[in-house]
Structure formats: structure tokens, C-alpha cells
Amino acid sequence: FGYSESGIAQELDGDGNVTALDCSGRGLTELPPFLADGRLDRLQMLRLSGNALRSLPPPVFETGSLTELAAGSNHIAALPEEIGLCNRLAILGLSGNALAALPPSIGQCSALRTLRLSDNRLTALPDSLGGCASLTELYVSRNDLRALPAAVGRCPLVTVAATNNALTGLPDGLCAGLGGSLSSLSLSDNR
């Protein structure tokens, strides 16, 4: 990483395009204008953790090249439907926010491998999550989930961490639907 004039860590490709930005721990309450207006069409990795962000504007998700978004430990209450445009997004980290729901369009993120949603306010996950055909890691501990959608059985999950929720059971066929890929299932401290 190098640093821009504003002190934000950035990585450039061979053509001088910004491919990675680290704006973590900067006390941001909103995104810098160059991020909010979608001018970074080659951006692959964006780190925004440890700020005071309440939302992520749609243009962040309109870049077709984003593969990693880390925005944990903020105050984000909702994601825009445009998250579904991120067909290359492999890692999405949103733990430690105020999310109460995910948009159904999350299921269009077919390259998504790791989804970190622990320490939010989630009461349900959308059935569309089953469309995340590459999802191998799902972290949803310390929410208020009452059930996991049966559709996640279509995902090749290897790790599921769903401790400290309100789960009373697993959907019929969930483990069978995982095709034997599951190696870690954490469900302690549920009701």
C-alpha cells in the first residue's frame, strides 16, 4: 500500500488505477466524495471498518470489479439493493453494525465465499441467500436469528457460526443439502 495526499492507504495497478483502498479507523461519518460517486471503477478491495458510517451509498456497489468489502464496526443499518450488482464480490464483512435485514439481491452475489454478519440486529436471512453458489463461510453469531433459511442448503458451506441467536432448530434437510461439505457448525447459546 502507498498513501494518497489525504493519507488514505491505496494500492495502484500497473496503469495507475486505484485497486485497493483502506479507509479503516478514520472516524468517517460518510464516504469521501470520490468513493460515494463511483469514480473508482477498477476498485477491487475496500476497507471501511472502524468508522461511524450509517450507510453505504449505491455507487459503492456499482463497480463491477469489487471483490472484497470490509465495513465492520460501523453503524450501518441497511444495504442498498445494488449489492446484487457485485458479481465478483468474494468477501463481505459487515460484523458489528446495526443491520436488521439483508436485501434479497444479496443472492445475486454468486462469487461470494465469505459472509461476516455477526453482531448485528438480524432476525432473519433472505431465502435468496441460497443463490450465493460459492458461499463457504457464513458467520451470523450474536444476532436475533430465529431460523436459517433452508435455501442455504444449496450453498457449499464449510463453516457456519450461528451462536448466540434465537435458533430453535435447523431447517429440514439443511445438513443433507450441504452435500457433506460442512466441517464446522457452531450453534451454542441459542434458545
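How much area does the protein expose, and what share of it do carbon and sulfur atoms supply? In this predicted model, the exposed area is about 8,600 Å², and carbon and sulfur atoms supply 48% of that area.

**Overall make-up**

The protein contains 2 helices and 10 strands. Read from the N terminus, its elements follow the order β-β-β-α-β-β-β-β-β-β-α-β. The protein has 191 residues, of which 46% count as buried. Among contacts between residues at least 6 apart in sequence, 29% join residues at least 24 apart.

**Strands S3 and S4**

Strand S3 covers residues 18-22 and is mostly covered, with 4 of its 5 residues buried. Its pairing with strand S4, residues 45-47, is parallel and runs over 3 bridges. Within this pairing, Asp22 has Arg47 of S4 as its bridge partner.

**Three buried residues**

Three positions are set out below with their places and relative accessible areas.

| Residue | Place | Relative accessible area |
|---|---|---|
| Leu92 | strand S6 (residues 91-93) | 1% |
| Ser105 | loop between S6 and S7 | 5% |
| Thr114 | strand S7 | 6% |

Why does Leu92 count as buried? The cut-off for buried is under 20% relative accessible area, and Leu92 is buried because its relative accessible area is 1%. Leaving out residues up to four places away in sequence, Leu92 touches Leu69, Ile83, Ile106, Leu112, Thr114, Leu115 and Arg116. Leu92 also has a spatial relation to Glu68: the two are 24 residues apart in sequence, while their C-alpha atoms are 6.1 Å apart in space.

Thr114 is a contact of Leu92 and lies in strand S7. Its relative accessibility is 6%, so Thr114 counts as buried. Apart from neighbours within four places in sequence, Thr114 is in contact with Ala90, Ile91 and Leu92, and also with Leu135, Glu137 and Tyr139.

Where does Ser105 sit? Ser105 is placed in the loop that runs between S6 and strand S7, the latter spanning 114-116. Ser105 is buried, since its relative accessible area is 5%. Which residues does Ser105 touch, not counting residues up to four places away in sequence? They are Pro80, Glu81, Ile83 and Gly84. Ile83 is also one of the residues that Leu92 touches.

Conventions: Residues are numbered from 1 along each chain as its sequence is written. This is a predicted model: local features need pLDDT of at least 70, side-chain atom pairs count only at pLDDT 80 or more; totals for chains, interfaces and linings use all residues. Side-chain values use heavy atoms; hydrogens and water are left out. Buried means under 20% relative accessible area, exposed over 50%, partly exposed in between (1.4 Å probe, protein chains only). Two strands pair if DSSP finds at least two bridges between them. Contact means heavy atoms within 4.5 Å. Accessible areas come from the Shrake-Rupley method with a 1.4 Å probe; for residues, only the protein chains shown count as cover.
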